[in-house]
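Please look over the structure shown here before reading the notes on its surface, its helices and its cysteines.

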Amino acid sequence: MAGAAPTTAFGQAVIGPPGSGKTTYCLGMSEFLRALGRRVAVVNLDPANEGLPYECAVDVGELVGLGDVMDALRLGPNGGLLYCMEYLEANLDWLRAKLDPLRGHYFLFDCPGQVELCTHHGALRNIFSQMAQWDLRLTAVHLVDSHYCTDPAKFISVLCTSLATMLHVELPHVNVLSKMDLIEHYGKLAFNLDYYTEVLDLSYLLDHLASDPFFRHYRQLNEKLVQLIEDYSLVSFIPLNIQDKESIQRVLQAVDKANGYCFGIQEQRSLEAMMSAAMGADFHFSSTLGIQEKYLAPPDQSVEQEAMQL
């Protein structure tokens with residue numbers, strides 16, 4: 001806002017392949033955050049999104065429409081989405097004019113599902129980079145459909161995509177296995193869920209693939225891919241059932257820790273609360289005067305407790 005002092009804003013860039021549940025996540029997370037007492041602004045950056053289920057504060061469709069681009073330039077949906085993001089990158093003054101009046105809100109950016117945008121195309125990364133210059137601290141929330149866990153070959157592919165996304169987007173990053181409430185319908189997992197969320201010894205996946213006559217011929221390729229993933233040792237996942245508030249809370253805690261929201265003055269956190277967030281568990285601090293403080297939550301703690309009990 002013109003004439004106003006700059007204010008640090010926080011938010012999430014929700015990315016992931018088509019069908020991974022990004023729009024549903026934005027709806028569920030926005031409702032959860034409002035129940036906690038946060039002011040939320042959902043920004044739709046996907047020009048292919050129609051019939052949005054959530055209240056949209058900013059819609060990129062007002063700037064550029066995928067259908068218009070496809071008709072005018074004779075592009076397919078993939079090429080059209082890339083063009084739309086490049087057009088948005090060239091008109092970031094429009095986006096800033098829309099976001100500035102919303103300072104003080106927590107942002108959720110519903111991003112396009114085009115995988116190329118998050119693995120090697122530069123438009124979306126440059127948009128996020130520019131937002132950082134506007135003092136907007138984002139965490140990339142990368143959603144992956146949990147059904148890929150039931151197929152070892154697909155899971156290795158997902159790990160490679162997640163790693164490429166983490167390296168390319170250049171934001172604090174949280175990988176999420178979405179649709180955990182449906183995972184039982186996809187088939188039986190070869191290993192315990194912890195094996196997939198923590199990305200443990202992937203050699204077991206190679207042994208599992210070796211039993212398949214088709215993948216047996218590609219063992220050396222799979223070994224190289226697994227070695228690459230393990231050498232970086234960056235990828236892990238948080239399971240999410242968007243219908244379960246405790247599951248949403250776990251994702252939110254990881255996101256708030258990644259972008260620094262939990263350490264900000266907005267939450268009026270004490271040293272004890274900050275240490276709890278950093279250590280991932282309740283931390284009790286005793287001063288030299290022997291005064292032990294209780295865990296201090298935000299001023300609207302009662303609201304948060306009521307939200308968790310809904």
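The briefing below takes up a surface patch, a helix residue and the cysteines in turn.

The model is predicted. In it, a nonpolar patch of about 310 Å² lies on the surface, Met166 in helix H7 is buried, and a search of the whole structure finds zero disulfides.

**Nonpolar surface patch**
- The residues that make the patch of about 310 Å² are Leu73, Leu75, Tyr83 and Tyr87.
- Tyr87, one of these four residues, has its place in helix H3, which covers residues 77-90.
- With a relative accessible area of 32%, Tyr87 counts as partly exposed, because that class lies between under 20% for buried and over 50% for exposed.

**Met166 and its surroundings**
- Met166 belongs to helix H7, which spans residues 152-169, and its relative accessible area of 17% places it among buried residues, since buried means under 20%.
- Leaving aside residues up to four places away in sequence, Met166 is in contact with His173, Asn175, Leu234 and Val235.
- Between Met166 and His142 there are 8.8 Å in space, C-alpha to C-alpha, while the two stand 24 residues apart in sequence.

**Cysteines**
- The closest cysteine sulfur to that of Cys118 belongs to Cys111 and is 6.8 Å away, which is too far for a bond, because a disulfide needs the two sulfur atoms within 2.5 Å.
- Cys118 is buried at 6% relative accessibility, and Cys262 is also buried, with a relative accessible area of 7%.
- Across the whole structure, the search finds zero disulfides.

Notes. Residues are numbered from 1 along each chain as its sequence is written. This is a predicted model: local features need pLDDT of at least 70, side-chain atom pairs count only at pLDDT 80 or more; totals for chains, interfaces and linings use all residues. Side-chain values use heavy atoms; hydrogens and water are left out. Patches are made of residues with over 30% relative accessible area and no salt bridge: like charges are joined within 9 Å, nonpolar side chains (Val, Leu, Ile, Met, Phe, Trp, Tyr) within 5 Å. Accessible areas come from the Shrake-Rupley method with a 1.4 Å probe; for residues, only the protein chains shown count as cover. A salt bridge is a side-chain nitrogen of Lys or Arg within 4 Å of a carboxyl oxygen of Asp or Glu. Helices (H or I, at least four residues) and strands (E, at least two) are DSSP runs, numbered from the N terminus. Buried means under 20% relative accessible area, exposed over 50%, partly exposed in between (1.4 Å probe, protein chains only). Contact means heavy atoms within 4.5 Å.
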